[in-house]
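Biologist: Please take a close look at one helix in this model and tell me how it sits in the rest of the chain. A second helix for contrast would be useful.

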Amino acid sequence: MDEDGNRDPRTPGERHGDALFDAIHYAMTNDKAPTLSGDRTTVVVTIPLETLTSGLGAACVDGVAQITARHARMLACDAKIIPAILGTDSEPLDIGRATRSVTPAQRRALNLRDHGCAFPGCRRRPKHCEAHHILPWGQLGDTDLNNLCLLCRYHHMVIHGQSGWKVQITSGRPEFIPPQYLDPLQTPRHNHR
């Protein structure tokens, strides 16, 4: 349960799957790793321009697997994603560069500022979190501390989903605006860690 007494809506299987992902993510990004030193994996995502702008449809990962446009945007928050934007006849319109990744110095600053998942009531530690672009990179969001916050995988999916939660930085801290169905006044909330 979170601080508002809400139950986790995930099934036990989904919670176990998310826990497995967290363990793998932590192992891949651990600064003690012998060869990766915490670097993110580089992935080429091929996505039609209409799908990128609408957020509806699918993207192709490394020419092999299909993922949703929503999942591609979530991965792009904290990975070296090289977007390959295609036109209507699958002609490449733009092959981007992996420049939106959070630097090690930015990650340390996020760890110090957010102390873990910034979502209200979450107690996940920084090592179990991903950097989230508040204004997505696809909408010209900067990789800057004023546009980033730490989120655990579960809350990262909540923010990228259709939950209605909004994030903004106010006075240098992330604050979360709940959807109207949870709080008609939409009073901003912080993680009071």
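Modeller: In this predicted model, the buried residues of α5 are Arg153, Tyr154, His155, His156, Val158, Ile159 and His160. Helix α5 spans residues 153-160, and 7 of its 8 residues are buried, so the helix is largely enclosed by the rest of the structure. Buried here means under 20% relative accessible area.

Helix α4, residues 104-114, has a shorter list to give: its buried residues are Gln106, Arg107, Leu110 and Asp114. These residues cover an arc of only 100° around the axis, which puts them on the same side of α4. The face of α4 turned away from that buried side carries Pro104, Arg108 and Leu112, which are exposed. On the buried side, the residues pack against three strands: β6 (129-133), β7 (148-152) and β9 (173-177). Just after α4 comes His115, with a positive phi of about 60°.

As for the setting, the protein chain contains 5 helices and 9 strands. Their order along the sequence is α-β-α-β-β-α-β-β-α-β-β-α-β-β. Of the 193 residues in the protein chain, 43% are buried. Among contacts between residues at least 6 apart in sequence, 50% join residues at least 24 apart. The protein chain exposes about 11,100 Å², and carbon and sulfur atoms supply 56% of that area.

Terms used:
Residues are numbered from 1 along each chain as its sequence is written. This is a predicted model: local features need pLDDT of at least 70, side-chain atom pairs count only at pLDDT 80 or more; totals for chains, interfaces and linings use all residues. Side-chain values use heavy atoms; hydrogens and water are left out. Helices (H or I, at least four residues) and strands (E, at least two) are DSSP runs, numbered from the N terminus. Buried means under 20% relative accessible area, exposed over 50%, partly exposed in between (1.4 Å probe, protein chains only). Contact means heavy atoms within 4.5 Å. Accessible areas come from the Shrake-Rupley method with a 1.4 Å probe; for residues, only the protein chains shown count as cover. The arc is that of the directions from the helix axis to the C-beta atoms.
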